[in-house]
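User: I should like to learn how the features of a protein model are read, taking one feature at a time. Could we work through an example together?

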Amino acid sequence: MKAMVLSGVTDLIINSKPLSEADITTPTPTKNQVLIRISASGASHIELEEIEGKNMPSVLPIIPGHQAVGMVEDKGEDVTKLEIGDRVGVSWIFSSCGTCDFCLRGDENLCDEFKATGLDADGTYAEFIVIDEDHAYPIPDSLNNNAVIPLLFAGAIGYRSLRFSSIESGQKLGLSGFGMTAMIILKLLANKTPGVQVFVFSRSEAEQEAAKNAGAFWTGAIDADSPEKLDVIIDTTPIWSPVVKALENLKKGGKLIINETEKDDQDRDALLKLTFHKHLSFEKEIKTITNISRTDVINILDMASTMDLQLEYEEYNLSDANRAINDLKNGKMNGSKILIV
Ligand SMILES: [Zn+2]
């Protein structure tokens with residue numbers, strides 16, 4: 001099969017073609033595995049971080065990629081839930097132990113043996129992938145492939161953030177940073193809980209404009225004082241200073257949810273501005289969100305099946321994956337990059 005392979009981490013400025021096209025043996029499914037013929041794969045900042053070594057692959061060489069849609073082509077002898085020809089999605093969660101306390105309660109994302117697709121096992125920048133049937137998600141007929149791709153991880157982690165926010169109609173929610181996850185959160189709220197006012201803090205005017213068009217109540221700079229104190233703020237930025245600002249912008253008893261993106265050490269000094277009274281007192285809470293569970297993927301697909309999220313995207317050929325990654329590095333806007341296989 002054809003695949004785009006990462007042999008070693010690199011700096012895109014030095015090496016703009018970190019992925020090489022390779023012809024490798026198509027894997028064979030055994031036991032409860034399915035072989036999926038991939039139709040479309042997402043290309044996102046997760047792969048950019050892997051390629052540049054900010055999120056190190058545990059094996060090299062590796063096929064990156066963690067969001068894809070395709071058809072079940074073959075299956076192992078123990079597969080019971082999927083049939084050949086089923087349309088399924090693959091997400092960030094490749095496997096977990098299935099037996100620890102976290103797995104048993106549905107928080108596979110916290111399992112010590114959590115393995116990520118494209119980081120700990122070969123991913124989706126390929127014509128085929130083999131994965132356990134429990135980690136291949138049937139796709140509702142109402143969703144086309146390109147609409148599904150960003151939901152499989154960005155959407156699932158956005159859904160998980162919203163789930164832990166416990167936000168209710170009539171409350172005010174802030175989004176600090178406005179990438180794909182924040183865009184999906186905003187659109188989910190606009191569709192499902194329109195009584196929530198959403199305040200978007202973003203570094204670029206283009207993103208602020210996109211947020212307004214998607215239904216944000218207010219938009220401002222990433223370091224802006226909120227015009228009103230907020231019940232919940234969800235942080236999706238890769239830096240520290242918005243975390244400090246968000247704590248200041250919360251109401252008494254408010255909750256800050258930090259999506260676990262690797263924080264840049266460059267602005268660690270921002271944490272020295274934390275004061276107890278201004279940022280932490282009055283029972284404010286901080287919660288981090290790490291990875292996703294199977295339930296998050298299943299639930300976001302179910303929710304999205306009844307609404308038209310109208311997410312923007314740009315298509316590339318699989319063999320053009322390097323160009324997609326470079327565009328991600330240099331890009332200013334939010335649309336997802338989709339590799340057509
Ligand atoms: Zn486990």
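Analyst: The discussion below takes up a sheet, a crossover, a buried strand and the packing of helices. Please keep in mind that this is a predicted model.

User: In what order do the strands of the open sheet of six strands lie?

Analyst: The order of the open sheet is β12-β11-β10-β13-β14-β15, and the pairing is parallel. Strands β12 (218-221) and β15 (285-289) form the edges, each pairing on one side only. From one strand to the next, the twist averages 20°.

User: How many bridges join β14 and β15, and which residue is the partner of Asn 259?

Analyst: Strand β14, residues 250-259, pairs with β15 in the parallel sense over five bridges. Asn 259 has Ile 289 of β15 as its bridge partner, while Leu 256 stands opposite Ile 286 in β15.

User: How does β14 pair with β13, and through which helix does the chain cross between them?

Analyst: The pairing of β13 with β14 is also parallel, over five bridges; here Leu 230 has Leu 250 in β14 as its bridge partner. The chain leaves β13, passes through helix α7 (residues 241-249) and reaches β14, a β-α-β crossover that is right-handed.

User: Why is β14 described as largely enclosed?

Analyst: A residue counts as buried if 20 or more other C-beta atoms lie within 10 Å of its own. Seven of the 10 residues of β14 are buried, so the rest of the structure largely encloses this strand.

User: Which strands does helix α5 lie across?

Analyst: Helix α5 (residues 180-192) lies across β10 (172-176), β11 (197-202), β13 (230-235) and β14, and runs at about 160° to β10.

User: How should the packing of two helices be described?

Analyst: The general description uses the angle between the two axes and the distance between them. In this model, the axes of helix α4 (residues 154-165) and helix α9 (residues 294-304) come within 8 Å and cross at roughly 95°. Angles of 65 to 115 degrees count as roughly perpendicular, and α4 and α9 are therefore roughly perpendicular to each other. On the α4 side, Gly 155, Ala 156, Tyr 159 and Arg 160 meet Asp 296, Val 297, Asn 299, Ile 300 and Ala 304 of α9.

User: Which residues of helix α10 are buried, and what covers them?

Analyst: In helix α10 (residues 321-330), the buried residues are Ala 321, Asn 322, Ala 324 and Ile 325. They lie on the same side of α10 because they cover an arc of only 160° around the axis. Their cover includes β1 (2-6), β2 (19-23), β3 (33-43), α1 (45-51), β16 (313-317) and β17 (336-340).

Note on methods: Residues numbered from 1 in each chain as written. Predicted model: local features only at pLDDT ≥ 70, side-chain atom pairs only at ≥ 80, totals over all residues. Pairing = 2+ DSSP bridges. Helix = DSSP H or I, 4+ residues; strand = E, 2+ residues; numbered from the N terminus. Axes fitted to C-alpha atoms, helices over the stretch in contact; angles between N-to-C directions. Contact = placed C-beta atoms within 7 Å. Buried ≥ 20, exposed ≤ 12 C-beta atoms within 10 Å, placed from the backbone. Arc of directions from axis to C-beta. Right-handed = clockwise from strand over helix to strand, strands pointing away. Parallel < 35°, antiparallel > 145°, perpendicular 65-115°, else oblique.
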